[in-house]
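These entries record what I looked up in one model and in what order. I began with the aromatic rings and then moved outward to the fold as a whole.

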Amino acid sequence: MDQNLIDHFEDLLESDQNDPAIQYQIGLCYQNGEGVEQNGVQAERWFRRAAEQGHREAQALLSAAQEQKETLGKITEDSLPDWCLRAEERDADAQYQVACYFLEHPEQGSREEAKRYLNLASEQGNGNACTRLAQIFLEEGRAAEAVAMLIRGKEKNVPQALELLAQCYATGTGTSRDPQRAEELLTQWADQGDGEAKLKLARQYKYGQYVSKNLVRALSWVKKAQMAGITDASDRFYAEERAKETEQAQQQAQFAEALAKAEQGDAKSQGYVGYCYYYGKGVEQDYFKAVKWFRGIAEQGDMTAQGVLGVCYLNGFGVEQDQVLGVEWLCKASEQGVAWAQDNLGVCYASGQGVSQDYTQAAVWYQKSAEQGYASAQNHLGNSYFHGQGVPQDYIQAAVWYQKAAVQGDVYAQDNLGRCYQFGQGVPQDHAQAVGWYRRAAEQGHAGAQTNLGICYYSGWGIAQDYTQAVYWLQKAAEQGVTDAQDALGKCYVLGQGVSQDPVRAVAWFRKAAEQGNIMAVNDLAYCYKNGQGVPQDHAKAASLYREAAEQGLADAQNMLGMCYYHGFGLQQDYTLAVYWFRKAAEQGVANAQYYLGICYGNGQGVPQDHTRAAEWFCKAAEQGYVDAQYLLGVIYERGQGLPQNVALACEWYRKAAEQGHEGARRQLAALGVR
């Protein structure tokens, strides 16, 4: 979600919530999902508060919503059987209305039944049904199907279909990302829509939501909204700036009043003045002055000031950094029960900041804070249980504390809880639940959760496989510097999954991750140099990169370095070193390395010839389905070379290889008279 929109929403919440213009703006944010998760109930609540104070636009929106409810209200519990009968008789409008009724009243009909009616109506060309079905598909992660339905809705001139389809093109949801097409569709939607649609597009240009930020275009749409009858469009467009100016003036007045009282010795006002300097509320931010005011009341026992003073010393805010003194002040606040100070003190014990590292003490303070409901401490306590740091390892307890923090919106806990569900640690394994928690954190900008959600989309874990969505989330994480996401995004560009195939861009992402030490990316970059994908072919560079990853224990790189030595790719051929690296990879289960190690033993390359050891390694590779190993194992059994002769087993391995298309195995079976 766009940070500008989040900041705007938070500014509105900090403004005068009794102002009907502010109430209306908050309602719009909830209605449109701008800066906050979309919530129709909350939107209606804020619109109603504004309408009760005479706000015309809020009244109009509520009136329109009521008309829609009355339209749906044509179906009642008593009349529902008649509507269903009409729906079954292929009345598309009835099918759509019944579906909407079921979605509004789940106690009357299942979601699946509603989807059935929407499908029937959409097959008859009902554009509203196509659009509503697309919304359901988006909720279910079936993005490509949603886009197909929205295109059909657009063809029927359904305004919402235009808007949603534009959003899909803007974000790359269910289709290739196409900002130009998104802007064209939004322009078409606003041109055809009422003044509210035009004003909404103006706001989108203002904040860069679904379109590039462009104040000139934003103002042109404000003018169009005015011409369409929204007489106060300009006031509403600038409402947040004016509200912010008003809020700043109020804060300045409150600061001045508090400062006068503080200078006369009022402890509460001294704390408020310290707070204002610390956060820059009503006055320019100044940590030095904040510390001055906090110190006075901290020494008098004010627990909040003690905690803030501790944070200042820990981080060197307004004072020379002194972590020991920081811990002392945090201790004073923590012993008086300040939850956030207790959590910070726990972090100090866990990391050894200003105090000897002590996971047990860290867990003690996390527990005290967590029991007061402090979300960050609940997550930290979950980590303690998960890793067995300071408490016995207990995945169930870890999940319990993650859950408590996650429902409060802690993004780290949401990501951690997602992992618990993904791997069945402390909770029953549930990929769909994992996706749900990853999504909550990802939408708040948590890079790790964005990576995990992208991988779920890529692999189809807990959600329909969708490479386009995978790329969308991996891109967000990659741009925040997550190397696993950068490497995964590079693979998407190599394979053309979710994006157009582009080896050059793949190399760019592999390189970013490799330069930060991601050994998988080092290995993938080596592959590109080996095959000349996105870079000029360079076997020596490839071998050097494979060595870098192999020396850090990456099995695939060890296998490839063995191949380089075996074939003399990029370095001098050396069977002894090839065997050395093949063995390391083979012991980690890499089938290709096991096969080549068998070849080396069979031919006496880099090791004394030993048919028995060769057979052992062929066996390991064959059991993993490596077709050439299956064929050679058949040869070994047929000839009795390294294993006792056994024609039946030879045929069995020939058959396995033949089923994978190995021509030599088919010929051997034919020679043995086996079909």
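**Entry 1. Aromatic rings**

I used this criterion: rings of Phe, Tyr and Trp (for Trp, the six-membered ring) form a pair if their centres lie within 6.5 Å, and planes under 30 degrees apart are called stacked, over 60 edge-to-face, and the rest tilted. I looked up the cluster that ring pairs build from Tyr272, Tyr275, Tyr278, Tyr279, Tyr287, Phe294 and Phe317.

I note here that the model is predicted: local features require pLDDT of at least 70 and side-chain atom pairs count only at pLDDT 80 or more, while totals for chains, interfaces and linings use all residues. Residues are numbered from 1 along each chain as its sequence is written, and side-chain values use heavy atoms, with hydrogens and water left out.

Searching the whole structure, I found 23 aromatic pairs. For tyrosine 24 and phenylalanine 47 the ring centres are 5.5 Å apart and the planes stand at 45°, so I entered the pair as tilted. This pair links distant parts of the chain, with tyrosine 24 in helix 2 (residues 20-32) and phenylalanine 47 in helix 3 (residues 40-52), 23 residues apart. Helices (H or I, at least four residues) and strands (E, at least two) are taken as DSSP runs and numbered from the N terminus.

Are tyrosine 24 and phenylalanine 47 buried or exposed? Tyrosine 24 is buried, as is phenylalanine 47. For these terms I took buried as under 20% relative accessible area, exposed as over 50%, and partly exposed as in between (1.4 Å probe, protein chains only).

I next turned to tyrosine 595 and tyrosine 596, whose ring centres are 5.4 Å apart with planes at 90°, so this pair is edge-to-face. Tyrosine 595 has a relative accessible area of 12% and is therefore buried. Tyrosine 596, at 15% relative accessibility, counts as buried.

**Entry 2. Nonpolar cores**

I defined a nonpolar core as a set of buried Ala, Val, Leu, Ile, Met, Phe, Trp, Tyr and Cys residues joined through side-chain atoms within 4.5 Å. The largest such core has 74 residues, and Tyr546, Phe582 and Phe618 have the most contacts inside it. Helix 32 (residues 555-567) supplies the largest share of this core, eight residues. I also found a second, separate core of 53 residues, with Cys84, Leu165, Ala166 and Ala225 among them.

What does phenylalanine 618 touch, leaving out residues up to four places away in sequence? I listed Tyr595, Gly598, Ile599, Ala629, Leu632, Leu633 and Ile636. A contact here means heavy atoms within 4.5 Å.

I then looked up asparagine 523, found in helix 30 (residues 519-531). Asparagine 523 counts as buried because its relative accessibility is 9%. With residues up to four places away in sequence not counted, asparagine 523 touches Tyr546, Ala549, Leu554, Asp556 and Ala557.

**Entry 3. Backbone angles**

Most residues other than glycine have a negative phi. I therefore looked up two residues with positive values, and I cite each one: asparagine 157 has phi near 65°, and tyrosine 210 has phi of about 70°. Asparagine 157 is in the loop between helix 9 (143-155) and helix 10 (159-171). At 54% relative accessibility, asparagine 157 is exposed. Tyrosine 210 is in the loop between helix 12 (195-207) and helix 13 (215-227). At 26% relative accessibility, tyrosine 210 is partly exposed.

**Entry 4. Distances**

Arginine 48 lies in helix 3 and is partly exposed at 37% relative accessibility. I computed 35 Å between the C-alpha atoms of arginine 48 and asparagine 119, which are 71 residues apart in sequence. Proline 179 is in helix 11 (residues 179-192) and is partly exposed, with a relative accessible area of 41%. The C-alpha atoms of proline 179 and cysteine 619 are separated by 54 Å, with their positions 440 residues apart along the chain.

**Entry 5. The whole protein**

I counted 38 helices and zero strands in the protein. The C-alpha atoms fill a box of roughly 95 × 80 × 50 Å along the principal axes. Of the 675 residues, 47% are buried. Among contacts between residues at least 6 apart in sequence, 45% join residues at least 24 apart.
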